[in-house]
Amino acid sequence: MEKTWRWFGRTDKITLPMLRQIGVEGIVTALHDVPLGEVWPREAIRDLREFIESYGLRWSVVESLPVTETIKYGGPDRDQQIEIYKQSLRNLAAEGIRTVCYNFMPVLDWARTDLLHPNDDGSSNLYFSYAEFAYFDIYILKRDGARQDWARFRFPAGVGQGRDVLAEVDALAREMTPQREHKLVENIVIKTQGFVSGNFREDDEAPIEKFRQFLSLYQGIDKASLRENMKYFLQAIMPVCDECDINMCVHPDDPPIEILGLPRIVRTADDIRWLLDAVPNPHNGLTFCAGSLSAGAYNDVVAMAREFAPRTHFVHLRSCHIFPNGDFTEASHLGGRADLVELCKIFRPTLPFRVDHGRTMLGDETRGYNAGYSFLGRMYAMAQMQGVLAALAHESH
Ligand code: DNO
């Protein structure tokens with residue numbers, strides 16, 4: 001598979017010459033400076049492409065060309081936003097970039113509650129605690145209906161049985177400090193979101209207020225209507241994808257659970273079947289994020305890879321470990337639920353993959369990195385995956 005790396009542009013402290021040294025072939029990036037909802041100008045795409053190429057690398061994948069909320073909830077200006085999206089796709093194709101990752105998660109992109117969860121060996125990982133997330137929802141966001149939603153919440157078979165999340169939330173409330181609350185807001189809304197070109201920015205002054213406004217846009221939007229809106233969007237952009245030979249690849253919901261009273265529609269094998277069948281064009285495909293999918297106890301990641309490989313255009317290699325209480329963390333790239341060795345046997349050898357959510361280790365803390373995108377942790381994971389791929393290639397000779 002093509003070895004790619006998510007790089008955040010010229011200001012990224014992890015530079016292209018560093019990536020050359022560790023075997024990276026292709027770059028996964030976006031025009032992070034273009035405000036959400038505006039056309040990506042062809043000149044700016046060309047400029048970044050040439051910069052990448054000047055280091056002997058290629059711009060392989062766009063992650064992400066963001067889909068604005070109005071397209072997701074079906075607002076009055078969605079057609080206008082879809083036209084803008086189409087123009088950005090045309091501009092990307094004109095510069096030879098034809099694999100585009102996006103997501104269809106309402107309001108919040110990926111979510112974690114702890115970004116530096118300590119491991120026994122001294123490194124740290126990202127972590128998702130249901131109790132802390134529910135605390136954020138009930139006590140910080142104070143969302144209408146949050147308490148009832150969490151009272152009804154059921155873990156999938158095999159994990160979290162008998163767990164009383166609400167009791168844990170109330171216990172947390174008794175020991176909570178303003179510093180800890182601040183940290184939780186920072187983790188859920190700022191540090192995980194600020195760099196993904198989504199709704200929130202590092203310098204947002206009232207992120208919780210902004211969060212509530214976004215949530216209010218989704219009143220009355222259920223799973224069926226979100227699906228309709230996704231189908232509408234995909235049908236509208238497919239003619240451009242056909243004309244320009246662009247592969248769209250939706251990123252699964254991370255974590256693959258319904259949160260904040262919002263529908264999430266790319267969580268399970270059934271969801272993916274639905275979205276691939278709803279718009280059966282091969283340009284409507286998937287980012288197979290093994291990490292996101294493996295955080296759902298109901299997902300058999302290897303079986304899903306076998307089923308969806310023909311429509312997969314981009315792969316995220318990482319793996320999650322789910323604890324008996326249902327919480328999850330990122331596992332080693334050679335461990336966890338996702339069985340990355342098996343996945344590497346399934347996907348076409350020409351597909352681009354990137355490692356994802358490396359550990360924080362050996363001084364990564366001091367280097368400056370975006371949450372989940374450490375240098376040494378990802379480099380370690382990349383080396384593990386390169387070893388796996390080399391061993392598989394050797395076996396097949
Ligand atoms: C998080 C990422 C996501 C992903 C988007 C794709 O680490 O995997 O932010 O890039 O959801 O649109």
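**Around the ligand and in the largest pocket**

Biologist: Which of the 14 residues around the ligand come nearest?

Modeller: In this predicted model, E63, S64, D109, H357 and Y373 come nearest, out of 14 residues around the ligand.

Biologist: What makes the pair formed by H357 and the ligand a polar contact?

Modeller: A polar side-chain atom of H357 lies 2.6 Å from an oxygen atom of the ligand. The cut-off for a pair of N or O atoms is 3.5 Å, so this pair counts as a polar contact. Y373 passes too, because its polar side-chain atom lies 2.7 Å from a ligand oxygen. For R6 the value is 3.2 Å, again to an oxygen atom of the ligand, so R6 also makes a polar contact.

Biologist: How much of the ligand's accessible area does the protein cover?

Modeller: The protein covers 100% of the 330 Å² that the ligand has on its own.

Biologist: And which strand gives the largest share of the shell around the ligand?

Modeller: That is β4, residues 99-103, with 3 residues. By class, the shell has 6 nonpolar, 4 polar and 4 charged residues.

Biologist: Now the largest pocket: what is its volume?

Modeller: About 1,000 Å³. Of its 43 lining residues, L31, H32, D33, V34 and S197 are the closest to the centre.

Biologist: Why do D33 and L31 fall into separate classes in that lining?

Modeller: Asp counts as charged and Leu as nonpolar, so D33 goes with the charged residues and L31 with the nonpolar ones. The whole lining has 19 nonpolar, 13 polar and 11 charged residues.

Biologist: Which helix supplies the largest share of that lining?

Modeller: α4 does, with 4 residues.

Technical notes: Residues are numbered from 1 along each chain as its sequence is written. This is a predicted model: local features need pLDDT of at least 70, side-chain atom pairs count only at pLDDT 80 or more; totals for chains, interfaces and linings use all residues. Side-chain values use heavy atoms; hydrogens and water are left out. A residue is near a molecule or strand if one of its heavy atoms lies within 4 Å of it. A polar contact is a pair of N or O atoms within 3.5 Å; within protein, one must be able to donate a hydrogen and the other to accept it, and residues adjacent in sequence count only if both atoms are side-chain atoms. Accessible areas come from the Shrake-Rupley method with a 1.4 Å probe; for residues, only the protein chains shown count as cover. Helices (H or I, at least four residues) and strands (E, at least two) are DSSP runs, numbered from the N terminus. On a 1 Å grid over the protein atoms alone, a cavity is a set of points where a 1.4 Å probe fits but cannot get out, and a pocket is an open set with protein on both sides within 12 Å along at least five of seven lines; lining residues have an atom within 4 Å of a point. Grid points are joined across faces, edges and corners, and a volume is the space filled by probe spheres set on the points.
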